[in-house]
Amino acid sequence: VKLANFILEKMEDILVEWEAFARSFPGMSQREKAELRDHAEEILRAIALDMSTTQTPAEANKKATGKKENFATSSAAGLHGIHRHASGFDINELVSEYRAVRASVTRLWTRDMLIADKEALDELVRFNEAIDEAIHDSVVIYADTVEKSRQLFLGVLGHDVRTPLGAAKVSAQALIGASTLSVGQLRAAEIIVRSTGRVERMLTDVLDFALVGLRKGLPVNPIAMDLLVVVQDVAQEIRVLYPDHTVKILFNGDQKGEWDTARMHQLVSNLVENAARHGRAGMPVTVSSEGQDTEIVLSVHNEGEPISAELLPRIFEPLVRNSEHAKPESLGLGLYIAQEIVKAHNGSIAVESKKKGGTTFTVRLPRKIANDRGES
Amino acid sequence: LTTACRILVADDNVDVVESLALLMQVHGHEVRTASNGVEAVQMAEQFLPQVVFMDLGMPLLDGVEAGRRIRQAIWGKDMVIVAVSGWGSDQAKQRTREAGFNGHLVKPASEKDLLQVIATASAGH
């Protein structure tokens with residue numbers, strides 16, 4: 001039997017082992033587990049097909065040196081890379097997965113061999129493993145170095161861009177404060193303040209995005225505070241940023257708890273701004289906050305076109321944006337950051353979007369982050 | 001309404017220092033500026049401001065040390081010294097607290113927060 005045919009025959013056994021290995025990585029969702037099998041099988045079929053086509057020495061050399069004409073994203077393995085990235089696998093885990101599949105194919109292939117053949121093959125297996133080990137070590141260090149330079153880049157971007165941006169904003173605020181401006185001049189100065197404020201918030205989101213990736217979770221610093229104060233502040237800011245929208249605040253019960261003040265501001269701001277941006281102009285954005293015994297239920301509602309059915313399940317994923325409505329100032333990070341803030345406070349966030357009734361984001365926030373940071 | 005205050009702004013970035021000075025001037029305050037830590041301490045002694053806004057990463061003498069020297073001087077005991085810095089970590093805030101700063105704003109500090117500091121300081125005098 002040729003190895004290519006053997007892979008096709010033993011597909012089920014190989015897949016079972018691959019699956020068991022991939023499942024050992026934390027953080028896989030149910031959907032990802034279901035998709036795993038399809039990919040793995042496609043990749044193996046592509047490999048078997050590749051092996052059974054005759055190959056000239058020139059082609060073999062090209063493959064060994066990694067030069068290929070076809071675009072990687074169209075292959076099953078390329079797609080697998082895209083999906084793994086989306087599922088939060090790091091590059092080391094991705095490489096380990098291939099090491100595992102090679103090991104199980106080799107193990108199954110050599111199991112029933114004659115002793116003499118087996119010895120020569122064992123040598124080859126050892127060689128394969130040594131190369132795999134070397135690839136793994138190089139990739140770990142390489143990825144680590146790339147990550148560090150990314151971190152440095154974003155840190156410099158955050159700090160160095162903010163400084164001149166802040167100076168521009170403050171200068172425009174000084175102009176507004178001078179109260180000697182004509183109506184048109186005043187309007188121009190207000191636009192500078194609004195726009196610099198938007199860029200500032202985008203920078204904050206980008207830096208947080210990098211931070212979450214690096215540390216697996218946002219750091220929070222909870223203190224006793226009143227959520228209503230934050231909601232009122234945000235409402236005032238949004239009214240300035242989006243003069244076409246009104247922000248309505250409804251609240252019931254005690255709104256006090258222990259949370260990170262700056263993060264709460266960012267959370268409410270991201271949700272309300274999202275509602276203002278996607279909501280129908282002229283219709284109010286409604287922020288309702290219900291203080292219950294142990295938690296606060298905060299919801300942000302807007303009327304307007306519902307979020308599409310394809311987008312809805314992925315709405316909290318980073319860099320996802322509603323392509324029809326996305327405006328240039330949106331990076332698609334706002335809702336992702338909102339979710340990370342809620343997670344860091346042991347809360348939950350959900351969305352409901354319908355043609356009739358509009359879109360509502362609902363956050364359930366425990367009044368206090370539980371002390372035991374056990375497995376959840 | 002806030003009464004006119006004497007304010008010192010220290011930052012090594014020319015645009016930052018000038019824009020903050022302009023903002024405070026239009027709100028009726030008297031402002032002096034410094035572009036490094038040594039200048040900040042000298043200006044504080046000459047001008048005797050009620051409020052000092054201090055950047056931390058400055059040449060010659062960093063902002064934390066400049067703030068500490070002002071706080072330790074007889075003439076600087078009651079000055080309101082507030083850090084305005086790109087560094088907002090807990091460690092950075094602890095360092096300014098230990099040096100005797102009254103507050104720590106993270107850049108970009110909002111107009112509201114800056115004016116709030118001045119209003120509080122002027123109410124305290």
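A salt bridge is counted when a side-chain nitrogen of Lys or Arg lies within 4 Å of a carboxyl oxygen of Asp or Glu. The exercises below apply this to a predicted model.

**Exercise 1.** Decide which residue of chain A forms a salt bridge with E133(A), and find where in the chain the two partners sit.

*Solution.* Begin with the general idea that side chains of opposite charge can pair when their charged atoms come close. The partner of E133(A) is R99(A), and the closest N and O atoms of the two are 3.1 Å apart, a distance that satisfies the cut-off of 4 Å. Next, place both residues: E133(A) belongs to helix α7 of chain A, while R99(A) belongs to helix α6 (residues 91–110), so that the pair, 34 residues apart, links distant parts of the chain. Over all chains, the structure holds 16 salt bridges.

**Exercise 2.** Describe the contact between chain A and chain B, beginning with its extent and ending with its charged pair.

*Solution.* First, count the participants: chain A gives 14 residues and chain B gives 14 residues. The area buried between the two chains is about 1200 Å², and carbon and sulfur atoms give 64% of this. On the side of chain A, T163(A), V170(A) and Q173(A) lose the most area to chain B, together 37% of what that side buries. Then turn to the salt bridge count between these chains, which is 1; here K112(B) meets D233(A), with N to O at 3.5 Å. Finally, ask which element of chain A supplies the largest share of the side touching chain B: this is helix α7 (residues 115–178), with 11 residues.

**Exercise 3.** Identify the residues that form a nonpolar surface patch with F127(A).

*Solution.* Start from F127(A), which is placed in helix α7 of chain A. Together with L124(A), I131(A) and I135(A), F127(A) forms the patch, whose accessible area is about 360 Å².

Definitions and conventions: Residues numbered from 1 in each chain as written. Chains lettered and ligands numbered in written order. Predicted model: local features only at pLDDT ≥ 70, side-chain atom pairs only at ≥ 80, totals over all residues. Heavy atoms only, no water. Buried area = accessible area lost by both parts, 1.4 Å probe. Helix = DSSP H or I, 4+ residues; strand = E, 2+ residues; numbered from the N terminus. Patch = residues over 30% accessible without salt bridge, like charges linked within 9 Å, V, L, I, M, F, W, Y side chains within 5 Å. Areas by Shrake-Rupley, 256 points an atom, 1.4 Å probe, with all protein chains shown as cover.
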